[in-house]
Amino acid sequence: DATGVDDTLEHLREAAGTSPDIQWLGPRPLVPGWRAHANDLLASVSTPYAMWLSHDDRISADWILAAEAALAAHPQAIGACGPIRPWGDDPLADIHHIDFPAFVELADSHSRMLAAITALLIGRPADLGMLYRSVLRTAEMPLLPHGLDGDAWSDVLWALRLLERGALVSIDAYYEKQWHESSAHSQGPPWPTDSHDMRRTIMATLESPSIELILDAWEIDRHQWQRALEQTRIDERAAAADALAGQRHAYESSRSWRITAPLRRGRRRHSETPPK
């Protein structure tokens, strides 16, 4: 507890006892915000594995043991992560269930990073945000960078840096996340899929981007914009056709159109009568 504004830490000490395996960190001067707090915790880690656990989420011991076993079995992996499922009273449980994204297991760095950037360009930041809920090799964990707006989406940008360093491996155990209105993501801005600033921030966040990666990501983004533009044109043409059809229907349903109908029929019969 970096602030000490309440007695939560004391309650936790009472519940956990005096185990020498637990290091307690009390109030200390930190920059406000969750990002500075998380980076401060990371700086205190002395074990080969590390993880963050948000205070309103929960895991079982099996989640940690499964992750450690997976890392032992896959020495090239830098972390282990499982699917996320909501807990508590969540009316959007289906939406808040997040499966492990297969691309984070890709051994090829270029393919892995291109897939990660594409996920952000098409508006799927949760595919990267879930990596913040992993057991990781401490030596491979980067510090959390600045977010898009203050701390917002810092965990997603951090995941990009993490994936530059290596691939992760999946586990079957669930990480249970509580979604509520007072959470950091609920209070922050939505992911800005159409923002040019977001694209610049992605490139600035990468620690060692290659020219090939930048060009391939640009080409994918260009195709996305082209498809969106073509769909907009199709929608506009369809809307114009519907509006014209609606105007014609309204005109032909009007009182004046109905009154003049006999005159139009007579004019047609006259024009169709062959000359004698």
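A salt bridge here is a side-chain nitrogen of Lys or Arg within 4 Å of a carboxyl oxygen of Asp or Glu. By that count the structure holds 10 of them. The model is a predicted one, in which local features need pLDDT of at least 70 and side-chain atom pairs count only at pLDDT 80 or more, while totals for chains, interfaces and linings use all residues. Residues are numbered from 1 along each chain as its sequence is written, and side-chain values use heavy atoms, with hydrogens and water left out.

First, the overall picture. The protein has 11 helices and 6 strands; these are DSSP runs numbered from the N terminus, with helices being H or I over at least four residues and strands being E over at least two. Of its 276 residues, 35% count as buried, where buried means under 20% relative accessible area, exposed means over 50%, and partly exposed falls in between (1.4 Å probe, protein chains only). About 17,000 Å² of the protein is exposed, and carbon and sulfur atoms supply 56% of that; accessible areas come from the Shrake-Rupley method with a 1.4 Å probe, and for residues only the protein chains shown count as cover. As for contacts (heavy atoms within 4.5 Å), residues 24 or more positions apart account for 73% of those with a separation of 6 or more.

Back to the salt bridges. Side chains of opposite charge can pair when their charged atoms come close. Arg85 and Glu176 do so through their side chains, at 3.2 Å from N to O. This pair ties together distant parts of the chain, 91 residues apart: Arg85 sits in strand β3 (residues 84-86) and Glu176 in strand β6 (residues 175-177). Arg85 is partly exposed at 34% relative accessibility, whereas Glu176 is buried at 16%.

Two other bridges sit within helices. In the pair Asp197 and Arg200, the closest N and O atoms are 2.2 Å apart. These two residues are 3 apart in helix α8 (residues 196-205), so about one helical turn separates them. Asp197 comes out as partly exposed at 46%, and Arg200 as exposed at 53%. Over in helix α9 (residues 211-252), Arg222 and Glu219 are likewise 3 residues apart, about one turn of the helix, and their salt bridge has its closest N and O atoms 2.7 Å apart. Arg222 is partly exposed with a relative accessible area of 35%, and Glu219 is partly exposed with 28%. Elsewhere, salt bridges that share partners join Arg58, Arg85 and Glu176 into one network.

Arg58 and Glu176 turn up again around Trp87. Leaving aside neighbours within four places in sequence, Trp87 is in contact with Asp56, Asp57, Arg58, Glu176, Lys177 and Gln178. Trp87 lies in the loop between β3 and α4 (109-121) and is partly exposed, at 23%. A polar atom of the Trp87 side chain lies 3.4 Å from the backbone oxygen of Asp56. That is a polar contact, meaning a pair of N or O atoms within 3.5 Å; within protein, one must be able to donate a hydrogen and the other to accept it, and residues adjacent in sequence count only if both atoms are side-chain atoms. The C-alpha atoms of Trp87 and Trp179 are 7.8 Å apart, with these positions 92 residues apart along the chain.

Helix α8 also carries Arg199, which is buried with a relative accessible area of 14%. The side chains of Arg199 and Asp221 are joined by a polar contact of 2.7 Å. Not counting residues up to four places away in sequence, Arg199 touches Leu121, Thr193, Asp194, Asp221 and Trp225.

Now for the nonpolar side. In soluble globular proteins, nonpolar side chains tend to be buried together. A nonpolar core is a set of buried Ala, Val, Leu, Ile, Met, Phe, Trp, Tyr and Cys residues joined through side-chain atoms within 4.5 Å. The largest one has 52 residues, of which Leu128, Leu131, Trp158, Leu160 and Leu168 touch the most other members. Beyond its neighbours within four places in sequence, Trp158 is in contact with residues including Trp52, Leu131, Tyr132 and Leu136.
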